[in-house]
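Open the model in your viewer and keep the selection box handy. Each stop below says what to select and what is there.

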Amino acid sequence: MKFISKFHTNWKKERVGLIPFDVQEIHEEASEIPQGIQLINAPYLWEAGKKGDGVVVAIIDTGCQTDHPDLAGRIIGGRNFSSDYSKNPNKYEDNNGHGTHVAGTIAAIENNTGVVGAAPLVKLLIVKVLDKNGSGSYQNIIDGINYAVAWRGSNGEKVRIISMSLGGPSDVTKLHNAVKNAVAKDVLVICAAGNEGDNNSKTNEYSYPAAYAESIAVGAVDFNKKIASFSNSNDNVDLVAPGVGILSTYMGGKYATLSGTSMATPHVSGASALIINASESKYNRPLTEAELYAQLIKKTVDLGIDKRSQGNGLLDLSKE
């Protein structure tokens, strides 16, 4: 995604828009563990990570098709901050497609048909901040982050991970403060590094909120473990994950193959749910955001390229 305006002076009136993510193909049906889920070796950690059971991930995006067959039972709640549906806060259905695709990579269930997500037993909090055209405002996103952090489930559940496949060039203080508050509450804030890359690791392309030190910035690789030409490079990239030709759930109960750092991010978000369960079982206590980040980075593999493109490397959940 991309914030359209670069000016700070009147950010409350600025509009936010999706960057053009590549929809390569729409499929009526699918039946497989997607290649991206396999590349990060998510099934390796399913047992120790309890497939994400008990972990709540907030997806801040365009909403989600809540009755998609592959997402049945995954949605724990949500809220609409966009202008869609006459601003009804209780209607957070996806009418764009992007958010449903992200949701499937994180949490699609195992049902012998369809696709499978990285953490097929997690719960999803759907926070719709962009409308059907992929447009919204900085304030939508700020409100969405703050809502996710403050949210409590009927059994006292809290959000442990915020997944944001969005970003733009403007550093807005209130946005930064919202991210810092989330991290201070031990919520992992996982963001797309951005699709403004020029295939040159020596140049900087910054996208916020990914570029904030407190965020976990995710770049994209293809299935040959090569950095995607569009993936941003800078000193704040934390790691990379599959983001080219990613098969996941889509609107209308369908499936689609999409590309972008937007697609890499949910691989890390779902993986982090597995890491939370595995790590907290191992240490028999809740871990801080900093401790969870350290556990995540332990499960990366150096690709032997510029760290400004790959950060700490490619996510690999089979790494001990």
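**Stop 1: a β-α-β unit**

Select β10, helix α4 (residues 173-184) and β11: together they make a right-handed β-α-β unit. Bear in mind that this is a predicted model.

Now keep just strand β10, residues 159-164. Six of its six residues are buried, so the strand is mostly covered. Next, look at its partners. β10 pairs with β11 in the parallel sense, over four bridges. To find the register, pick Ile-161; Leu-188 in β11 stands opposite. Add strand β5, residues 56-61. β5 and β10 also pair in the parallel sense over four bridges. Here the residues to label are Ala-58 and, opposite it in β10, Ile-162.

**Stop 2: Ser-215**

Move to the loop between β11 (188-192) and β12 (216-221), and select Ser-215 there. Is Ser-215 buried or exposed? Its relative accessibility is 2%, so Ser-215 counts as buried. Show its side chain. A polar atom of that side chain lies 2.8 Å from the backbone oxygen of Pro-209. Then display the contacts of Ser-215, leaving out residues up to four places away in sequence. They are Val-179, Val-189, Cys-191, Pro-209, Ala-210 and Asp-238.

**Stop 3: the cysteines**

Cys-191, one of the contacts of Ser-215, leads to the next selection. Add Cys-64 and compare the sulfurs. How far is the sulfur of Cys-64 from the closest cysteine sulfur? That closest sulfur belongs to Cys-191 and is 19 Å away, too far for a bond. Starting from Cys-191, the closest cysteine sulfur is in Cys-64, again at 19 Å. The structure holds zero disulfides. Cys-64 is buried, with a relative accessible area of 0%. Cys-191 is buried too, also at 0%.

**Stop 4: two covered helices**

Select helix α2, residues 98-107. Why is α2 described as largely enclosed by the rest of the structure? Because 10 of its 10 residues are buried. Among them are His-98, Gly-99, His-101 and Ile-106.

Finish on helix α5, residues 261-283. α5 has 23 residues and reaches 32 Å from its first C-alpha to its last. That is close to the 33 Å expected at 1.5 Å a residue. Colour α5 by accessibility: 20 of its 23 residues are buried, and the helix is mostly covered. Step just past its end to Asn-284, which takes a positive phi of about 60°.

Technical notes: Residues numbered from 1 in each chain as written. Predicted model: local features only at pLDDT ≥ 70, side-chain atom pairs only at ≥ 80, totals over all residues. Heavy atoms only, no water. Buried < 20%, exposed > 50% of the residue type's maximum accessible area, 1.4 Å probe, protein only. Helix = DSSP H or I, 4+ residues; strand = E, 2+ residues; numbered from the N terminus. Expected span 1.5 Å × (residues − 1). Polar contact = N/O pair within 3.5 Å; in protein donor to acceptor, adjacent residues only side chain to side chain. Contact = heavy atoms within 4.5 Å. Disulfide = S-S within 2.5 Å. Pairing = 2+ DSSP bridges. Right-handed = clockwise from strand over helix to strand, strands pointing away.
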